[in-house]
Structures are given as structure tokens and as C-alpha cells.
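Reader: I'm in my first year and still learning to read these models. Could you take me slowly through one part, the place where protein and DNA meet?

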Protein chains: 2
Amino acid sequence: MKVIPFKVPKASQDFIRYQVDDQPYFYDKLHQHPELQLSLVLEGEGRLIGGDYIGRFAPGDVFLLGHDVPHVFRSDEQSYAPGQTARSHAIFVFMDLKALSGGLYNITELQEAKRFCEQLTGCYRVQGPAREEITRLVQALQPEAGLGRLLGVLRIIEQLMLPEALHCLSVADQMRNLSEREVKRLERVLNFMMTHSHRAIALEEVAAVANMSREAFCRFFKERTRKTYVRYLQELRMTNACQLLLHTDQTVASVAYASGFANLSHFNRVFSKLMGKTPREYQRG
Amino acid sequence: MKVIPFKVPKASQDFIRYQVDDQPYFYDKLHQHPELQLSLVLEGEGRLIGGDYIGRFAPGDVFLLGHDVPHVFRSDEQSYAPGQTARSHAIFVFMDLKALSGGLYNITELQEAKRFCEQLTGCYRVQGPAREEITRLVQALQPEAGLGRLLGVLRIIEQLMLPEALHCLSVADQMRNLSEREVKRLERVLNFMMTHSHRAIALEEVAAVANMSREAFCRFFKERTRKTYVRYLQELRMTNACQLLLHTDQTVASVAYASGFANLSHFNRVFSKLMGKTPREYQRG
DNA sequence: TCGTTATGAAAGTAATTCCTTTCAAAGTCC
DNA sequence: GGACTTTGAAAGGAATTACTTTCATAACGA
């Protein structure tokens, strides 16, 4: 689909680009770009990585990705299975305020919005009334062009700026601005981890995927993700475990094994550490 | 000399014991006892370990060791060399306020002193005017007996209680109350480390001295000393390096090698980290 | 009260970190 | 200027820690 890091295709004078994805699964490679990305999930679900955040997306969710935040929407495995009618359907709006530089960008009325957008450097969940309003606005954007589309996006930004509109999901500000080589390497590694998170993965294996020694890989991974490989893998597995706990009736033990843990006792402890409650508690309220 | 942990020999009704050591070197095994120990160094110098403190002692120094603080005054190697006339000479006063329980211990006037003594659980340097006064008082103690000695010690405690009299050298409160087995093990280990600190010592070697696996030894050592083995060794080596820098005219490089470092660049960095200044700076003011 | 889940302690093992080396280069002091 | 010292960055490896297993036992819920 695209190369990493990629330029969002847009006429150089446009500061927005509107893209509808409707496929069995989303583009599944980690990538980054300077444009802000508003993402409206319509169908399909799976795991989302945005900066150092690891979580899940589902229909109705609206996410905002800041400048150069590495991210990937990775549809659930089942979507890949043959014979499935699964779809991944979303609308992405890419915004680049800087493309306005010549004209509107410097007018006083936009200063505040400009500053607001410039400091978006994380991964956010759009929530509350703003989410609903933005969902409407984004869908109304498609038929528009020129000034109409511009106005639509400005209205969207207006919504995003509302006090409670954004919930920041990422913590560190550190994962941005990876070199192209690093993004590629990380993409390979994370892809591998996501694909195999349901089984044991020795450090040696992922290190090999990254073409590095174990020690060098540890350093690289920690430096770029702010987490150790094991910790990251645990978080990845937790997204899956939570999913199974909430949406299936498997026992805790079976969820543990299905999520890549070989040891129930250990799963319980890791779950409590990361989620703040025991698997059983989580399964209820 | 004594077994570890030992009871300071004293008539059971005495609450103080006065001991003069005048030998080529001090008792060199780490040990602990519930009695407070006031130590007046007259001759000889070397390394002192008290709780988690690692440093040097020299004539004139006065130290106070709290209840059950593992400690050892280890005379410098040269004192062990044959043909040397080196002496290690010190006065130790062991105090056990609890031995007074039947009588004076509970009288109101002593409550404050009692509380003061009870909370002495570290390794302290006695400093300032109190040091000089205590030096006098301790030396005047020898001829005394009975009430005279009791009064002398009370005067000493009075001095110790002065605001600036004690400078706490140890940090953690954690190394106390080792089991007999642990003290023995630690004694063997620390003795080995002190004896060999001038050369490279692989973890495996000390672990063997402690009869443990490398990992178990790391856990044991960290838990009991609050420092890692390497860190402890570095501090040990630093006492030696500082000594050489101040009292010989060797170059920094030669001091580094003499202190057990195989790498000058590395020595410089470790020295700066632990001492807060570069070796050269330290050598001057 | 049984089946399942949660928690504690101890020890083995794998992962991660930090120590250490190396090399290069810059700073300091006679 | 030249010997010596200090500092930086990068990488290898030893040390240390964290993860994981195991076993025992407690707590929970149907």
C-alpha cells in the first residue's frame, strides 16, 4: 500500500486528505507521517498501536494521531481467515495545517487552532459529545470540496479543541521521529510480535527478526518504545486476554493459555499488575 | 578472638565494658552485637565497614556503632607485613543501657538518654568539640571503676547527645539483624573482597566463597548490603584509591591500576561517579 | 465443598541492564 | 609540545534483575 514513512498523497495545496478504507483488513504496517490523522472506525476491530499505547479499536471509535506518531491499526486475525466476510471499514482524515502557510494559516483567528494542532504529539481517543459531533462532521465531509471541505475540517478542529474531547492514550513523547530504517525494523518486530503473541517467543527470535544481537535488540527496543520487549509483549497479550474475557465465556485459565501464557499463576499476576484488577474482577464490572 | 555474633564479655550487672586493643592489627572479621560501641582510634589505620558505610579510619577518629550494626575495623595490609612495626591501637567502650534495667535505667532523669541510645542504629563519626571531650573522657575511664566509671560513661553519653556531635555515615537501616549464618557468610565474602580488591574478581569467585550460585549470591548480597556486588567493590576500591591519591605521588593511572581497575578511562568515570570529582581534582583540594 | 482462581515464597532461567573495554578526541598542566 | 587526564560514543559481555515456574495454600463462588 504505502512505503514507510510515507507522504500522505494530497495535492500540494490541499491541507486535508479524505480517505475511505473498506477492505478485509487495514494496512497493517507500523508507519508515521507528519500529518495529523483523524480515524473513524466504522466496521472491524483489532489492535491499535499509537506511540507507546497498545489497545484495541472497535466500530464507533474515533482516534486522533499527532504529528509523526508511529501507528498501526491491525485488524483481528479472524479478518484474515479465508471464507470470512469480515470487513475493516474506516474513514481517515489527514490534516496538515502547515500546508495553509501561504494563506489562511497566519491569520489571527487561526492562531489558537494552529498552536493547538502543533502540540498534538500523542495518540488520543476522541470521546463524549465531540466524538458524536465529529462522526457526523467527518461523514458530511465526503461530498464537499474546496471551501466546503475546509470549513468542515475547521469545524472538526473546533470540536477537538473542546475541553474534554481528547483523552490521551500514549504516555511518552519519545517514540516519534524514528529514522526510516528504524521504523522498518520496528515494524517488522511489532508485526512479528503481534502475529505470534499467542505463543512463547524467545528474545532470540525477535532479535533475529531485527537482525540484531539479543543485547543490542534490548537496547534498541527499549530506546524506541520506552518499554522492554517482555513488557510490550505482555501488554499486547493483555489486549487479547481482555477481549476474550469480555466477549467469550472461556475460563480464566483458558484465556491465559490462549493469550500466550504457559502458566496460570503467572498470568494472574501479570494481569493484575497491568490491569489493576484480577482477571475475574475484570470479567465482571 | 571472638565468635560471631558475639556477646561482649562483661559481668552481667555491668552495663559497660572497657577494652584496649593494641596489636599489629584489629580483629578483622565482620561481626555485630547489641551493645553500642564507642571506638577511639589511637594508632593504625585502615578500612572501616559499619552497616552500609565503607570508609577509612585513622588515629584520632572516634566512631560510634549502634545496636547490632555489623562492623569491622580492618587494618591496612601493610600492618600484616612481617618485619613491620605497625600497630593498631584503640580503645573500645561497649555500652548496654538495658543492663541497667533493674536500677537506674528507669529513673526519669535517664529517660531522654535511654531514648537517645535506643535509636542509635547506624554508624556514626563523632566530630567537633564532642570528639575531643569524649577522647578525654574515654581515656579517663580506665582507672575508674564502679560508680566512677558509670558517671564517666554518662558524661560521654551526654556529649554524644549534643546537637552536632554525631555524623551519620551509614544510610540504610537494613543491614542489621543478620542471622548468624548470614553474618558468617557476609564476613567471608567481605573479607575476601577486601583482601583481593586490588585485582579483578569475577562474580563467580565471590559467589563460590559464599557457596552460592551467581544469581543467588547477587540476591543475597543486594538484600543484605543494599548494594550490588560490583558497586560494593567499587566503593572498596575507592577507599584505596583515595588513600593513594592523597598520600602518595603516584599518577592517576598508576593509582587506578593499583586499585584494581584494568582501564584508566573506566577508573576516571567510576571515581567521578562515586566521589563527585575527578581523581585529579580530588588529589588537590 | 469442589472446581476454579488468587497469592506467597523460593529458586531457576531468560532478559535486561550496567559494567567494562575500546578508540578517538579534547582538555589540562607543566 | 608532550605527557597525562578527562570525556564521548558505541558495542561486547558479565552482572543483575525480572520474568517465569513450581508448589503450597488460601480465597472465592456456584
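Author: Here is a walk along the protein surface beside the DNA, strand by strand, with a short side trip at the end.

First, some ground rules: this is a predicted model, so local features need pLDDT of at least 70, side-chain atom pairs count only at pLDDT 80 or more, and totals for chains, interfaces and linings use all residues. Residues are numbered from 1 along each chain as its sequence is written, chains are lettered from A and ligands numbered from 1 in the order in which they are written, and side-chain values use heavy atoms, with hydrogens and water left out.

Let's start with DNA strand C. It has 30 residues around it, and the closest are Leu203(A), Lys222(A), Val252(A), Asn268(A) and His266(B). A residue is near a strand if one of its heavy atoms lies within 4 Å of it. Turn to the DNA side: of the strand C atoms within 4 Å of the protein, 63% belong to sugar or phosphate, and the rest to bases.

Now for some polar contacts, meaning pairs of N or O atoms within 3.5 Å; within protein, one must be able to donate a hydrogen and the other to accept it, and residues adjacent in sequence count only if both atoms are side-chain atoms. Leu203(A) has a polar backbone atom 2.6 Å from a phosphate oxygen of strand C, and Val230(A) has one 2.9 Å from a phosphate oxygen. With Arg269(B), an N or O atom of the side chain is 3.2 Å from a base oxygen of strand C. The elements giving two or more residues to this surface are α6 (214-225), α7 (229-247), α8 (252-258), α9 (264-275) and α10 (279-283) of chain A, plus α6 (214-225), α7 (229-247) and α9 (264-275) of chain B. Helices here are DSSP runs (H or I, at least four residues), as are strands (E, at least two), numbered from the N terminus. By class, the surface has 10 nonpolar, 10 polar and 10 charged residues. Nonpolar covers Ala, Val, Leu, Ile, Met, Phe, Trp, Tyr, Cys and Pro, charged covers Asp, Glu, Lys and Arg, and polar covers the others, Gly among them.

On to DNA strand D, with 31 residues around it; His266(A), Leu203(B), Lys222(B), Val252(B) and Asn268(B) are the closest. Sugar or phosphate again holds 63% of the strand D atoms within 4 Å of the protein. Lys222(B) puts a polar side-chain atom 2.4 Å from a phosphate oxygen. Bases are reached too: a polar side-chain atom of Arg219(A) lies 2.9 Å from a base oxygen, and one of Arg269(B) lies 2.8 Å from a base nitrogen. Which element gives the most to this surface? That's α9(B), with five residues. By class, the surface near strand D divides into 11 nonpolar, 10 polar and 10 charged residues.

Finally, the side trip, to strand β5 (residues 62-65) of chain B. Val62(B) and Leu64(B) point one way, Phe63(B) and Leu65(B) the other, and all are buried (under 20% relative accessible area, with exposed over 50% and partly exposed in between, using a 1.4 Å probe and protein chains only). In a regular strand, side chains alternate between the two faces of the sheet. Strand β2 (residues 36-43) of chain B pairs with β5(B) in the antiparallel sense over four bridges, where pairing takes at least two DSSP bridges. Ser39(B) stands opposite Phe63(B) there.
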